[in-house]
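Here are a few notes to read with the model open beside you. Take them one at a time and find each residue as you go.

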Amino acid sequence: WIGIRSIMKKEYKENGFVILDNFLPKEQYDRIVEICRDATYEEVDQIRPGRYETWETPEDDFFPSIDEDYMAHMWGSSEVSNSEEVQNMFSEHIKPLVIELTNGQAGKFMHQTNRYKRNGKDFLRLHYDDYMGLCGYVFYVGQYQWKYDWGGLLQMRVDNDIKTIVPNANRLVLMNHSLRMGHWVTPTNTWAKEDRYTLTGFCIDKDRELPETWKKRKDQKIEQ
């Protein structure tokens with residue numbers, strides 16, 4: 001286990017992300033699935049003019065140009081983020097990993113729950129999340145083995161290459177946002193057998209003030 005943790009920290013530092021499959025015990029995972037599926041969700045529709053001017057990356061011809069608008073569309077649920085069972089799961093399983101990967105820097109956490117419906121219309125455009133925190137996590141919640149062409153793919157630019165992460169059930173992804181990796185989420189296609197559910201969060205240094213962006217969505221849960 002010590003060797004596995006050493007490899008995990010190396011991947012996090014050098015590659016910018018770590019993937020952990022079959023993350024939760026089955027009984028606990030099945031309960032998280034139930035909570036996500038039974039919750040009520042509200043539409044999240046974001047249009048941010050000027051964001052690509054702030055994020056301008058002139059050395060990358062494939063990066064969106066400064067005259068484009070950042071956009072995102074999904075569905076959020078405060079019920080899931082505030083669920084005691086979900087909070088306990090984070091504290092028991094995810095939080096210790098985040099603290100270890102950040103060498104104890106992480107001290108404040110923000111959580112949200114996102115649902116990308118299988119309608120071909122829910123997505124995240126390319127963005128950076130370094131302003132949101134030094135580390136982030138995405139935990140995929142679903143019933144089925146995900147398929148390549150169902151969409152909902154997390155893609156990121158790493159060392160002039162594009163890495164693709166399939167949103168498979170019970171998979172945790174830890175992301176090193178301090179490396180400022182551009183990433184995005186493709187629409188979930190209509191032929192997918194289920195919507196794409198994620199528990200998502202960020203952490204900041206324990207001495208840093210809360211970012212204003214942590215306070216904008218009603219479905220966010222902040223832990224200090």
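**Notes on cysteines, core and cavities**

1. Let's start with C36. Its relative accessibility is 1%, so C36 counts as buried. Keep in mind that this is a predicted model.

2. C203 tells a similar story: it counts as buried because its relative accessibility is 1%. So what about disulfides? A disulfide is a covalent bond between the sulfur atoms of two cysteines. Searching the whole structure turns up 0 of them. For C36, the nearest cysteine sulfur belongs to C135 and is 20 Å away. For C203, the nearest cysteine sulfur is also that of C135, at 4.5 Å. The cut-off for a disulfide is sulfur atoms within 2.5 Å, so the C203 and C135 pair doesn't make it.

3. Now for the inside. The largest nonpolar core has 33 residues, and the ones touching the most other members are I32, F139, V141 and L199. At least two core residues come from each of α1 (2–14), α2 (26–38), α5 (84–101), β4 (106–116), β6 (135–141), β9 (171–175) and β11 (196–205). The biggest contributor is α5, with 7 residues.

4. Try clicking on L199. Which residues is it in contact with, leaving aside neighbours within four places in sequence? You should find I32, C36, V80, V86, M89, Q112, T113, Y137, V138, F139 and V141. There's also a second, separate core: it has 23 residues, including M74, V138, M181 and V185.

5. How many cavities of 30 Å³ or more are there? The count comes to 2. The largest one holds about 80 Å³ of space. It is lined by 13 residues, and S81, V86, H111, Y137 and L199 sit closest to its centre. So you meet L199 again here, after seeing it among the residues that touch the most other members of the largest core.

6. Who builds the wall of that largest cavity? At least two lining residues come from each of α4 (78–81), α5, β4 and β11, and α5 gives the largest share, 5 residues. By class, the lining has 7 nonpolar and 6 polar residues, with no charged ones.

7. The second largest cavity has a volume of about 50 Å³. Its lining residues are Y140, V141, G142, W146, P167, N168, A169, E194, D195, R196 and Y197. The elements giving two or more of these are β6 and β11. Here the lining divides into 6 nonpolar, 2 polar and 3 charged residues.

Notes
Residues are numbered from 1 along each chain as its sequence is written. This is a predicted model: local features need pLDDT of at least 70, side-chain atom pairs count only at pLDDT 80 or more; totals for chains, interfaces and linings use all residues. Side-chain values use heavy atoms; hydrogens and water are left out. A nonpolar core is a set of buried Ala, Val, Leu, Ile, Met, Phe, Trp, Tyr and Cys residues joined through side-chain atoms within 4.5 Å. Buried means under 20% relative accessible area, exposed over 50%, partly exposed in between (1.4 Å probe, protein chains only). Helices (H or I, at least four residues) and strands (E, at least two) are DSSP runs, numbered from the N terminus. Contact means heavy atoms within 4.5 Å. On a 1 Å grid over the protein atoms alone, a cavity is a set of points where a 1.4 Å probe fits but cannot get out, and a pocket is an open set with protein on both sides within 12 Å along at least five of seven lines; lining residues have an atom within 4 Å of a point. Grid points are joined across faces, edges and corners, and a volume is the space filled by probe spheres set on the points. Ala, Val, Leu, Ile, Met, Phe, Trp, Tyr, Cys and Pro count as nonpolar, Asp, Glu, Lys and Arg as charged, and the others, Gly among them, as polar.
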